Amino acid sequence: MKAEQFIQDHGLEQARNLRGMLKNMGCPDDIKFTVINGMWHRSSEGFTYDNLCAAIADHDRTDYVSDIRNHIAPTTVVIGDE
């Protein structure tokens with residue numbers, strides 16, 4: 001599991017909670033983690049603390065304004081006082 005997949009599956013709040021726990025524990029940067037049955041475990045395959053921090057930062061930088069749903073349709077008519 002990659003850090004991005006962890007965020008998709010468990011949500012950004014859980015990812016931030018995990019990041020905080022790992023930071024408080026003084027986790028080395030090269031230890032990898034994975035999630036099994038909703039609990040995180042050390043693993044030889046998975047994501048590192050740095051991967052998790054980068055995935056959270058990428059999520060925070062996401063440009064929601066350019067989402068196609070936020071654009072005004074070209075057929076929109078502006079009605080004003082004449």
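What follows walks through the fold of this chain, its hairpin and its last helix, as seen in a predicted model.

Start with the overall layout. The chain has 3 helices and 3 strands, and going along the sequence they come in the order α-α-β-β-β-α. Of the 82 residues in the chain, 22% are buried. As for the outside, the accessible surface comes to about 6400 Å², with carbon and sulfur atoms accounting for 51% of that. On the contact side, if one takes pairs of residues at least 6 apart in sequence, 45% of those contacts join residues at least 24 apart.

Next up is the hairpin. Strand S1 (residues 32-36) and strand S2 (residues 39-42) run antiparallel and are joined by 4 bridges. One pairing to look at is Phe33, whose bridge partner in S2 is Arg42. The hairpin leaves 2 residues between S1 and S2, and in that turn Asn37 has a positive phi of about 55°.

That leaves helix H3, which covers residues 49-60. With 12 residues at 1.5 Å a residue, H3 should span 16 Å, and the 17 Å between its end C-alpha atoms agrees with that. The buried residues in H3 are Tyr49, Leu52, Ala55 and Ile56. Looking down the axis of H3, these buried residues fall within an arc of 130°, so they line one face of the helix. And what sits over them? The cover includes helix H1 (3-10) and helix H2 (12-24), along with strand S3 (47-48).

Key: Residues numbered from 1 in each chain as written. Predicted model: local features only at pLDDT ≥ 70, side-chain atom pairs only at ≥ 80, totals over all residues. Heavy atoms only, no water. Expected span 1.5 Å × (residues − 1). Buried < 20%, exposed > 50% of the residue type's maximum accessible area, 1.4 Å probe, protein only. Arc of directions from axis to C-beta. Contact = heavy atoms within 4.5 Å. Pairing = 2+ DSSP bridges. Areas by Shrake-Rupley, 256 points an atom, 1.4 Å probe, with all protein chains shown as cover.
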